[in-house]
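Subject: Structure for you to look at

Dear colleague,

I am handing over the structure we spoke about, and below it you will find what I found on going through it. Please keep it open beside you as you read.

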Amino acid sequence: MCEGDDEAVSLARVYVDSRWSTVEYVCDLTQSIAHGVIGARSPLVVERIRESGVVLDLCPTANLRCGAVDSLAAHPLPALLRGGVRCTISTDSRTVAATTLNREFGLAEAEMGLDEDELLRCNRTATDTRR
């Protein structure tokens, strides 16, 4: 979900990957988008998110379990980070996804190929966004 006005939250969930005007609206109203993995499917959406500085909060295990990605190796997180998109790594609901933040960071390194600097950047982004 987005942090910001409730209307933006609803719109982001329904339209973020398909309606450009909604993407514009959401990027103007929010600082972060949870479950932003779907938006990574569109290069235009990714570019707008990058330009606006909106943070995508990604949950690799949850993304895999819900079918948003086919495999962790195919997860868009590395490409997003390397393309200048601000991202964080999260667990979603630990009880639903059955994971921990330590496990998510380990998977990001082992399965997605993130290096130490990229993992640290995700942590710094999370800290900066929460202020």
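The natural place to begin is the largest nonpolar core, which has 24 residues, and within which Leu-56, Leu-77, Cys-87 and Ile-89 have the most contacts. Please bear in mind throughout that this is a predicted model. Two or more residues of this core come from each of helix 3 (43–52), strand 2 (55–58), helix 5 (77–82), strand 3 (87–89), helix 7 (101–110) and helix 8 (116–129). As a general matter, nonpolar side chains in soluble globular proteins tend to be buried together. To follow one core residue outward, take Leu-56, which, once neighbours within four places in sequence are left aside, is in contact with Ile-33, Gly-36, Ile-49, Leu-80, Val-85, Arg-86, Cys-87 and Thr-88.

For the chain as a whole, the secondary structure consists of eight helices and three strands, and these follow one another along the sequence in the pattern α-α-β-α-β-α-α-β-α-α-α. The chain has 131 residues, of which 45% count as buried, and it exposes about 7,100 Å², with carbon and sulfur atoms supplying 48% of that area. If one takes the contacts between residues at least 6 apart in sequence, 60% of them join residues at least 24 apart.

Helix 8 deserves a closer look. It has 14 residues and reaches 20 Å from its first C-alpha to its last, close to the 20 Å expected at 1.5 Å a residue. Which of its residues are buried? They are Glu-118, Leu-119, Cys-122, Thr-125 and Thr-129. Seen down the axis of helix 8, these buried residues fall within an arc of 120°, and they therefore line one face of the helix. That set of buried residues packs against strand 1 (32–34), strand 2, helix 5, strand 3 and helix 7, whereas on the other side of helix 8 Glu-116, Asp-117 and Arg-124 are exposed. At the start of the helix, a side-chain oxygen of Asp-115 comes to within 3.1 Å of the backbone nitrogen of Asp-117.

A second residue to examine is Asp-57, which lies in strand 2. Its relative accessible area is 12%, and because buried means under 20%, Asp-57 counts as buried. The side chain of Asp-57 makes a polar contact with the side chain of Thr-88 at 2.3 Å, and another with the side chain of Ser-90 at 2.4 Å. Not counting residues up to four places away in sequence, Asp-57 touches Ile-33, Ala-34, His-35, Gly-36, Thr-88, Ile-89, Ser-90 and Arg-130.

Two further residues are worth finding on the display. Ala-98, in the loop between helix 6 (94–97) and helix 7, has a positive phi of about 50° although it is not a glycine. Gly-106, for its part, lies in helix 7 and is partly exposed, with a relative accessible area of 30%. The C-alpha atom of Gly-106 is separated by 9.5 Å from that of Leu-119, a residue 13 places away along the chain; Leu-119, as noted above, is among the buried residues of helix 8.

With kind regards

Definitions and conventions: Residues are numbered from 1 along each chain as its sequence is written. This is a predicted model: local features need pLDDT of at least 70, side-chain atom pairs count only at pLDDT 80 or more; totals for chains, interfaces and linings use all residues. Side-chain values use heavy atoms; hydrogens and water are left out. A nonpolar core is a set of buried Ala, Val, Leu, Ile, Met, Phe, Trp, Tyr and Cys residues joined through side-chain atoms within 4.5 Å. Buried means under 20% relative accessible area, exposed over 50%, partly exposed in between (1.4 Å probe, protein chains only). Helices (H or I, at least four residues) and strands (E, at least two) are DSSP runs, numbered from the N terminus. Contact means heavy atoms within 4.5 Å. Accessible areas come from the Shrake-Rupley method with a 1.4 Å probe; for residues, only the protein chains shown count as cover. The expected span of a helix is 1.5 Å times one less than its number of residues. The arc is that of the directions from the helix axis to the C-beta atoms. A polar contact is a pair of N or O atoms within 3.5 Å; within protein, one must be able to donate a hydrogen and the other to accept it, and residues adjacent in sequence count only if both atoms are side-chain atoms.
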